[in-house]
Every structure is written in structure tokens, then in C-alpha cells.
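Please walk through the structure below with the sequence at hand, one chain after the other. The paragraphs that follow are meant to be read beside the 3D view.

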Amino acid sequence: MRLRLKTGMLLAGTAAMAACAPKAPEVLPPPPEAPASTAPTSAPAPAPTPSGPTVGSQTHFESAVNGQNVIYFDTDRFNIDSADAAALQAQAQYLARYPQISITVEGHADERGTREYNLALGERRANSAKNYLVGLGVDPRRISTVSYGKERPVALGSNEQAWAQNRRAVSVVVN
Amino acid sequence: MKKLAILLAFIASPLMAQNQDLGSPVAEGGEVETIGADESQAEEGGLSFTVTDESDWADLGVAIPGFATDRDVSTPASRDGTGALGREIARVITANLRNNGLFQPVGPDSLPQPSFAQITDPNWGTWRGRGAEMLVHGYVRARSDGRLMVGCYLYDVALGDELVREGWVVPPADWRRAAHKCSDIVYSRLTGEDPFFDSRIAYIAETGPKDRRVKRLAIMDSDGANHRFLTLGSATALTPRYSPDYKRLLYLSYVDGNPRIYVYDIGTGRQTLVTQSANPTFAPRWSPDGRFILYSMAVAGNTDIYRVPSNGGRSIRLTDTPGIDIGGSYSPDGSRIVFESDRSGSQQCYVMNADGSNQRRLTFFGGRCATPEWSPRGDQIAFTRIAGDFNIAVMTPQGRNLRVLTSGWQDEAPTWAPNGRIIQFFRTQRNSGRSALWQVDLTGRNERRLPTPVDASDPAWGPILP
């Protein structure tokens with residue numbers, strides 16, 4: 001790693017070259033490739049189902065994936081474990097069934113990290129989830145990411161249990 | 001593909017419709033003109049106070065009676081006239097010196113008021129009788145052009161000697177700057193250190209419950225006065241940094257829904273993106289001369305540090321390791337950058353040359369190293385040390401002589417006073433998540449909370465005002 005660093009450093013000139021940077025050390029699905037086909041990004045509004053939440057709403061999405069629109073991470077990690085993989089598979093199935101729907105993956109961190117690092121960590125977690133979904137066949141253009149770092153906790157305590165709930169990536173339907 | 005990338009990397013394109021979280025712009029401060037401080041003749045007074053004796057050399061008794069005026073006239077700086085303003089100036093100086101922890105100042109409210117003539121001819125006998133070691137005198141004069149002239153004198157009471165004098169002409173709205181400048185010459189003359197009071201702090205003002213915190217960009221003088229909110233709070237603002245000339249602020253805003261660094265022009269209230277890119281950008285920093293901006297950008301989840309000329313131009317990527325390379329703080333001469341990276345598996349501090357070459361790890365203490373900030377003196381690097389709790393620590397630029405200065409549950413994000421002798425940071429309380437600004441000196445002994453109107457985080461101390 002050190003050697004490559006030396007030679008690569010001065011060559012690295014532009015923003016987009018970051019996209020060609022070596023993969024993160026953890027085992028991740030490949031980063032998304034730009035697909036050749038034109039996938040629909042905004043489809044006509046789906047016919048509302050006779051009862052229950054409307055297709056395209058966050059409620060519909062969450063109930064369809066059994067609440068598995070959130071995945072959780074270990075401290076300072078961003079890898080997809082088997083529980084995460086099952087959740088993301090459910091999300092991918094939903095997205096396959098409703099190709100008109102796009103999502104944003106929100107990456108979060110617990111409060112026990114510095115603010116700036118946690119913003120970057122949340123972004124890495126959101127991308128981890130996105131890459132996994134893309135690996136399952138979801139068009140990357142249907143998935144955006146945003147990091148909230150440690151700025152938006154759901155669990156308010158300062159203990160291991162709360163922190164575990166806050167280290168998360170949340171998939172949200174884009175309206 | 002590559003051409004496109006270069007286009008994307010240009011900065012400072014004007015920005016449309018993204019100002020919706022901004023308050024009205026702040027009027028730029030007036031000029032402060034430094035002049036000689038000469039004035040006229042003698043009289044008498046009397047006082048009663050005791051200087052508490054501390055064996056520490058620095059606990060020096062300093063008497064700061066009200067500044068005198070030649071003619072008590074009304075001024076926009078004080079409804080009650082130049083006489084009242086003179087006492088208020090002495091109070092500001094007293095608070096500055098007391099908060100510094102090195103002195104035992106006694107202010108105008110427990111001292112007699114010297115006459116205008118006594119300012120240059122102190123009644124030594126009286127002050128010696130009260131045990132004052134040092135005496136600060138000064139005057140305020142309303143000039144015919146509407147500005148104020150403020151003179152400041154420091155005397156060694158035991159020797160009956162004048163140590164230093166200076167004077168300034170200030171617009172009435174900037175009268176506090178004269179008080180800070182007087183504090184600075186007293187502090188500098190007595191400690192041998194560089195000044196720092198005449199400076200400002202940018203920070204993030206926080207309100208609301210832990211899961212719905214409102215985070216606004218705010219600025220204030222070094223003593224907390226002249227407080228202003230710059231953003232309205234509809235969008236989360238984080239991590240401000242004053243430009244060395246105080247004309248611009250870098251900060252992160254979610255105003256378009258994504259975390260991005262903006263360059264905010266304080267005088268005009270206009271702001272631009274630091275780089276035209278769809279990627280999130282974090283952790284803005286100025287170079288010491290203000291010519292460059294460092295920022296960190298995540299591309300496909302991988303965060304690296306970039307440098308861009310502050311007046312526009314091409315961004316250069318300085319790091320390229322997998323993982324999070326973030327932050328970055330220039331050495332005072334601009335030749336090196338200390339930054340944070342988790343390339344080894346955990347957050348540690350690294351240094352590189354300003355062009356990104358020769359990257360090497362600095363910290364091997366155990367625990368993690370985050371948010372490193374190079375002292376403006378160059379002799380120390382302050383950082384957040386994470387080893388169980390989060391604490392403010394310093395080390396040499398060689399990564400030696402680790403000293404942990406604070407002991408809070410979560411102290412983070414150090415920023416240096418302009419003279420490199422005091423570190424400001426923010427402390428978060430366990431469970432409640434409430435945060436406040438704190439200061440600690442390099443001994444770790446003098447720690448104090450800086451009062452702010454609401455909770456506060458991400459302090460950024462600017463240099464001495466131009």
C-alpha cells in the first residue's frame with residue numbers, strides 16, 4: 001500500500017479520478033457501472049392499491065420489506081453482514097417490482113466519533129448499501145446517497161444500545 | 001471522461017437559489033487606526049482593594065480603573081457618554097485579563113476613577129498603597145469627525161515606570177476593538193506572548209432536542225460579544241472556518257439537501273460552492289495565506305483531501321488511499337499539512353507536504369487521533385485524542401511529547417487562539433447531547449467555558465483582526 005501510494009500521489013489530479021481509486025479494504029460488491037440502457041427514472045403514477053398504503057409511499061415500502069429498510073453496522077465499520085444482505089435483498093426485490101421508484105440511502109454514524117469523520121463514515125455506509133443493491137441488479141441511477149454523520153440520531157441515549165441503533169443506513173423512497 | 005472531470009473540478013461558479021438559509025449580511029468592521037497615545041497632566045485619587053497573593057509568577061495584580069475622558073459627551077458607542085464608555089472599556093479589559101487565567105485584575109467598579117490628567121501622570125502613592133503591581137490607564141475622546149480616540153497605558157507601579165502605551169482611532173461601533181487592543185498590549189508586554197484578544201470566533205449555534213437539533217452558523221468576538229447568527233437554521237450548518245482576512249467563511253451546509261462546503265462572503269452575503277460537483281464535500285480549511293482551500297470529498301464512498309485556489313481554479317487531489325482521508329491543517333509556513341486518515345484501520349494523524357507528497361503517519365500513541373490542527377506558532381499540533389473518552393491533546397509536529405489537556409467525556413475539534421497559547425474546543429455532555437465551547441491553555445490548568453447564547457460546537461478561531 002505504501003509503495004503504490006508513493007507513485008500514485010502526484011498523478012492524482014482530478015476529482016473524478018477518485019472514482020478509479022482502489023476499492024476499500026473491506027469486501028464489497030463492485031462499485032456501480034454506468035448502465036448502457038435507459039432506465040425509467042420517473043414513471044407514471046402507479047394505480048393506487050384498493051386498500052393499505054399507496055405504492056410509492058415510504059409506508060408502502062417499509063411494510064413491503066417488513067421494516068427492513070434500515071441496516072445496521074458495527075462500530076467504525078461499513079461492511080454488509082448477513083442480516084444486512086437479507087434486508088437489502090428485500091429492498092432490491094421491491095425496487096425490481098416497482099421500477100418507477102427511486103430511493104435515497106441515508107448513512108448515519110453514532111455520536112462516538114468526531115463530526116467530520118462521521119460525515120465521511122456515513123457516506124461510506126450509504127455507498128456500501130447502494131453498491132450492494134446495484135450488485136443485486138438495481139440501476140445505480142435509482143439510488144442516491146446522503147450522509148448525516150452523527151447529526152441525526154434515532155436513539156438518544158449515550159450507551160452501546162443506542163449507538164448500535166444509530167450506526168445505520170436508511171433507505172427512503174424519493175417522492 | 002477526463003475532460004469532464006476537470007470541468008467538474010473548477011470551483012467558485014456562482015450559485016443560484018441556494019441562499020435561502022442565509023440571514024442578512026453582516027456589516028464589515030470599520031478601520032482601526034493605530035496612533036500615538038500622548039495626553040496631558042496630573043491629579044489625585046484613592047482606592048481600596050487587595051490583590052490576592054498567589055505564589056505563581058503570573059498571578060499578577062493589575063488595577064484597571066475606568067478610562068478617563070476629557071469631555072463627557074454623548075457618543076453612538078454609549079448612551080451615557082464617553083465617561084461611561086471609558087468605564088465600560090475598562091470592564092472589557094478586566095474580563096479579558098481575568099478569563100485568561102494569568103492575572104488578578106481588578107476592574108473599575110471597585111476602583112476610584114482617575115482624572116483625565118492622571119492618565120499620563122498616575123498617582124503612584126495611591127496605587128502602591130493598594131498593592132497593585134500593574135496599572136492600566138486610558139482615555140476616551142470623542143473626535144470632531146465622529147470617531148473615538150482611545151489611549152492605553154501600562155505602568156509598573158512599584159517602579160513608577162511606563163511599560164507601554166498605544167492609541168487607536170475607531171468608529172464608535174468598534175469601541176470594543178480598542179478595549180481588545182489595549183488588552184492585547186497589556187497581555188503581550190507582561191507575558192512576552194503574541195496578542196490574541198482582537199480576534200473573532202465562528203462557531204455552530206445549536207438548539208432543540210438531540211434528534212432534531214437546529215444548527216446555525218454564528219460569529220462573535222473573542223470574548224463572546226457582538227454575537228450574530230448568519231444562517232436561519234432551516235438547513236443544518238457545520239464546521240465553519242474564517243478566512244485569514246475575515247472576509248469569507250468556509251462552512252458546510254445541507255441547504256440543497258446534501259452536505260457541501262460553501263464559501264460565504266461576509267460583506268455581501270453571497271455564497272458559492274467550493275467545488276462544482278455532485279459529490280458531498282466536508283472539512284474545509286484555509287491555507288495560512290488564504291490563497292488555498294483544503295476540502296475533503298467523498299466519491300463513491302471514498303473520501304480524499306483536495307486543494308483548490310481560493311479565488312477559483314482547478315482542484316488537485318492530495319490523497320488517494322482507500323478509506324477516509326479528511327481534515328487537514330497547514331503548518332504556519334504553508335509547506336506541510338497534517339491530516340487524519342483511517343488507512344491503517346483506525347483514525348490516525350499523518351503529515352504530508354503541501355503538494356501531497358511524502359505522506360507519513362505521525363501518531364502511534366494507542367488510541368485514535370482526529371481533527372489535527374497545527375498551532376499558528378508551528379510548535380505544536382492539537383488534536384482530538386480518542387482513547388475511551390474524547391480529549392484535547394497536543395504533540396510536537398514530529399508526533400512526540402503527547403500531552404492530554406482535558407478530561408471531558410467528549411471534547412473535540414480543537415482550534416487555536418491566534419497566538420498559539422490557548423486552545424478552544426467543544427465539549428458534549430453524555431446523554432443530553434448538549435454542547436458548549438471551552439478553552440484550555442497549554443498547561444491544561446486553566447480551563448473555562450466560553451459563554452454563548454445557546455449551545456455551541458465547532459469553534460473556529462480566526463487570526464488577529466487586520
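In this predicted model, 41% of the 175 residues of chain A count as buried. Chain A has 5 helices and 4 strands, and along the sequence these elements follow the pattern α-α-β-α-β-α-β-α-β. Among the contacts in chain A with a separation of 6 or more, 74% are accounted for by residues 24 or more positions apart.

The strands of chain A can be taken next. An open sheet of 4 strands has the order S1-S4-S2-S3 in chain A, and the pairing within this sheet is mixed. Its edge strands are S1 (70-72) and S3 (143-149) of chain A, each of which pairs on one side only. Neighbouring strands of this sheet are turned against each other by 20° on average, if direction is ignored. As a general point, the side chains of a regular strand alternate between the two faces of the sheet. At one edge of the sheet in chain A, S1(A) is joined by 3 bridges to strand S4 (residues 168-173) of chain A, and the two run antiparallel; within this pair, Tyr72(A) stands opposite Arg168(A) in S4(A).

Helix H4 (residues 115-135) of chain A packs on this sheet, where it touches S1, strand S2 (103-108), S3 and S4 of chain A. The direction of H4(A) makes about 155° with that of S3(A). The same helix H4(A) also has a helical partner, since helix H3 (residues 82-97) of chain A packs with H4(A) at an angle of about 55°, with their axes 9 Å apart. That angle makes H3(A) oblique to H4(A), because it falls neither under 35 degrees nor within 65 to 115 nor over 145. H3(A) passes H4(A) in a right-handed crossing. Leu88(A), Gln91(A) and Ala92(A) are the residues in H3(A) that meet Ala129(A), Tyr132(A) and Leu133(A) in H4(A), and the residues of this contact divide into 5 nonpolar, 1 polar and no charged.

Turning to chain B, a pair of helices may be examined in the same way. The axes of helix H2 (residues 82-100) of chain B and helix H4 (residues 175-191) of chain B come within 9 Å and cross at roughly 45°, and H2(B) and H4(B) are therefore oblique to each other. Their crossing, that of H2(B) and H4(B), is right-handed. On the side of H2(B) the contact is made by Leu85(B), Ile89(B), Val92(B), Ile93(B), Asn96(B), Leu97(B) and Asn100(B), which meet residues in H4(B) including Trp175(B), Arg176(B), His180(B), Cys182(B), Val186(B) and Tyr187(B). The residues of this contact of H2(B) with H4(B) divide into 11 nonpolar, 4 polar and 1 charged.

A loop of chain B comes next. Arg130(B) lies in the loop between helix H3 (124-129) and strand S5 (134-142) of chain B. Arg130(B) is buried, because 20 other C-beta atoms lie within 10 Å and a count of 20 or more is what burial requires. The C-alpha atoms of Arg130(B) and Leu111(B), which are 19 residues apart along the chain, are separated by 10.0 Å.

Further along chain B, 6 of the 6 residues of strand S19 (residues 325-330) are buried, so this strand is largely enclosed by the rest of the structure. S19(B) is joined by 4 bridges to strand S20 (residues 336-341) of chain B, and the two run antiparallel, with Tyr330(B) opposite Ile337(B) in S20(B). S19(B) and S20(B) form a hairpin with 5 residues between them, and Gly334(B) in the turn has a positive phi of about 80°.

Which residues other than glycine have a positive phi? Most residues other than glycine have a negative phi. Asn358(B) has a positive phi near 60°, and Thr371(B) has a positive phi near 45°. Asn358(B) is placed in the loop between strand S21 (348-353) and strand S22 (360-361) of chain B, whereas Thr371(B) is found in strand S23 (residues 368-374) of chain B. With 11 other C-beta atoms within 10 Å, Asn358(B) is exposed, while Thr371(B), with 29 other C-beta atoms within 10 Å, is buried.

How values were computed. Residues are numbered from 1 along each chain as its sequence is written. Chains are lettered from A and ligands numbered from 1 in the order in which they are written. This is a predicted model: local features need pLDDT of at least 70, side-chain atom pairs count only at pLDDT 80 or more; totals for chains, interfaces and linings use all residues. Two strands pair if DSSP finds at least two bridges between them. Axes are lines fitted to C-alpha atoms, for helices over the stretch in contact, and angles run from 0 to 180 degrees between N-to-C directions. Two residues are in contact if their C-beta atoms, placed from the backbone, lie within 7 Å. A crossing is left-handed if the near helix is turned anticlockwise from the far one by less than a right angle, and right-handed if clockwise. Ala, Val, Leu, Ile, Met, Phe, Trp, Tyr, Cys and Pro count as nonpolar, Asp, Glu, Lys and Arg as charged, and the others, Gly among them, as polar. A residue is buried if 20 or more other C-beta atoms lie within 10 Å of its own, exposed if 12 or fewer, and partly exposed in between; C-beta atoms are placed from the backbone.
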